[in-house]
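Welcome! Here are a few exercises with worked solutions, to be done with the model open beside you.

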Amino acid sequence: MQPRNMSMSGVVDLAAVKAAQEAKSKAEQARAEAARQGGPAAVSPADLVINVDEATFERDVLQLSAEVPVVLDFWAEWCQPCKQLSPVLERLAVEYDGRFVLAKIDVDANQMLMQQFGVQGIPAVFAVLAGQALPLFQGAASEQQIRQTLDQLVQVAEQRFGLTGLTVDADAEGGREEAAPEPAGPYDALLEAAVQALDAGDLGGAVQAYKNVLSEDPGNTEAKLGLAQAELLQRVQGADPQQVRKEAADRPADVEAQIAAADLDLVGGHVDDALGRLVDTVQRTTGDDRDAVRRRLLELFEVVGAEDPRVVKARRALARALF
């Protein structure tokens, strides 16, 4: 699946030439001042990933964006696709060695920021350059696609805004004590292989790795959740979102079309739309068609999480539709 807004072309509209020139001038002045004082202060790798809320947004995002690109990760604890994307962004923030800072924003606790950025579904990723905001992508994305977007972001930041990033001291850990490693479980290697496959965009490999765990331990919660997520991403990979949604709109009685659209909705973070679509389809169908929709709905419940209030609501609606 090609995530939306992967292109950086919108930066010209969002960052006026005057603002870019002013930001570049300020960045150059800041570097000159730092040089006079013995060079820019180095930051710890731990400072490259920060949690931001409405109270700290101006300082930790707007002001910081005059020195380095700030990438915003809008997420929530109940969002399973977020749990796949956020660790990749965090790892890349360290790997890019100060060329951008990752700011994580919990949408449940920061509804105003979510509204100000016009976030319609999560995960959603934006960037702020010299106070200018631009969308990067929404929903699931492969690591290769994320890297391409970050490379474009870094290039634009340097060429148009003069933002060359922060100096990182790899030895500076902010006084944090390193936690003792936990003993490896019997399936840790297989689960790690699945995560690595997901990071590399090898969805088939991830699916197989999770199945390998479940063949030995059918009740393994982490593997069941991971398998449901990997299979969902595999189903939507390569899909044309506009075509999928058009077919669902044109053929409301077509079970496969409704299921495909629900998968796409969920990957895009539109949980209520995905679950509601399938509950409505259950109400309109019978026999094998109804059973196919019900099974897919239960799979999506696994992906979102049984305790999520939207799943609880959808389960009740499903029960009413069935009985």
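What percentage of the 323 residues of the protein count as buried? The answer is 46%, where buried means under 20% relative accessible area with a 1.4 Å probe and protein chains only.

Before going on, a word on the ground rules. This is a predicted model in which local features need pLDDT of at least 70 and side-chain atom pairs count only at pLDDT 80 or more, while totals for chains, interfaces and linings use all residues. Residues are numbered from 1 along each chain as its sequence is written, and side-chain values use heavy atoms, with hydrogens and water left out.

**Exercise 1. Compare the span of helix α11 with its expected span.**

Step 1: α11 covers residues 255–267, which is 13 residues. Helices here are DSSP runs of H or I with at least four residues, numbered from the N terminus.

Step 2: The expected span is 1.5 Å times one less than the number of residues, giving 18 Å for α11.

Step 3: From first C-alpha to last, α11 reaches 19 Å, close to that expectation.

**Exercise 2. Describe the two ends of α11 and its surroundings.**

Step 1: At the N-terminal end, aspartate 254 acts as a cap, with a side-chain oxygen 3.0 Å from the backbone nitrogen of glutamate 256.

Step 2: After the helix comes glycine 269, which has a positive phi near 90°.

Step 3: Eleven of the 13 residues of α11 are buried, among them Val255, Ile259, Ala262 and Leu266.

Step 4: The cover over these buried residues includes α4 (80–95), α9 (221–236), α10 (241–250), α12 (271–284) and α13 (287–304).

**Exercise 3. Work out how α13 is oriented against α11 and against α14.**

Step 1: α11 and α13 pack at about 5°, their axes 10 Å apart. Axes are lines fitted to C-alpha atoms over the stretch in contact, and angles run from 0 to 180 degrees between N-to-C directions.

Step 2: α11 and α13 are therefore roughly parallel, the term for angles under 35 degrees.

Step 3: Contact means heavy atoms within 4.5 Å; on the α11 side the contact residues include Val255, Ile259 and Leu266, and on the α13 side Ala292, Val293 and Leu300.

Step 4: α13 and α14 (residues 309–322) pack at about 165°, with axes 10 Å apart. That makes the pair roughly antiparallel, the label for angles over 145 degrees.

Step 5: Residues making this contact include Leu297 and Phe301 of α13, and Val311 and Leu318 of α14.

Technical notes
Helix = DSSP H or I, 4+ residues; strand = E, 2+ residues; numbered from the N terminus. Buried < 20%, exposed > 50% of the residue type's maximum accessible area, 1.4 Å probe, protein only. Polar contact = N/O pair within 3.5 Å; in protein donor to acceptor, adjacent residues only side chain to side chain. Parallel < 35°, antiparallel > 145°, perpendicular 65-115°, else oblique.
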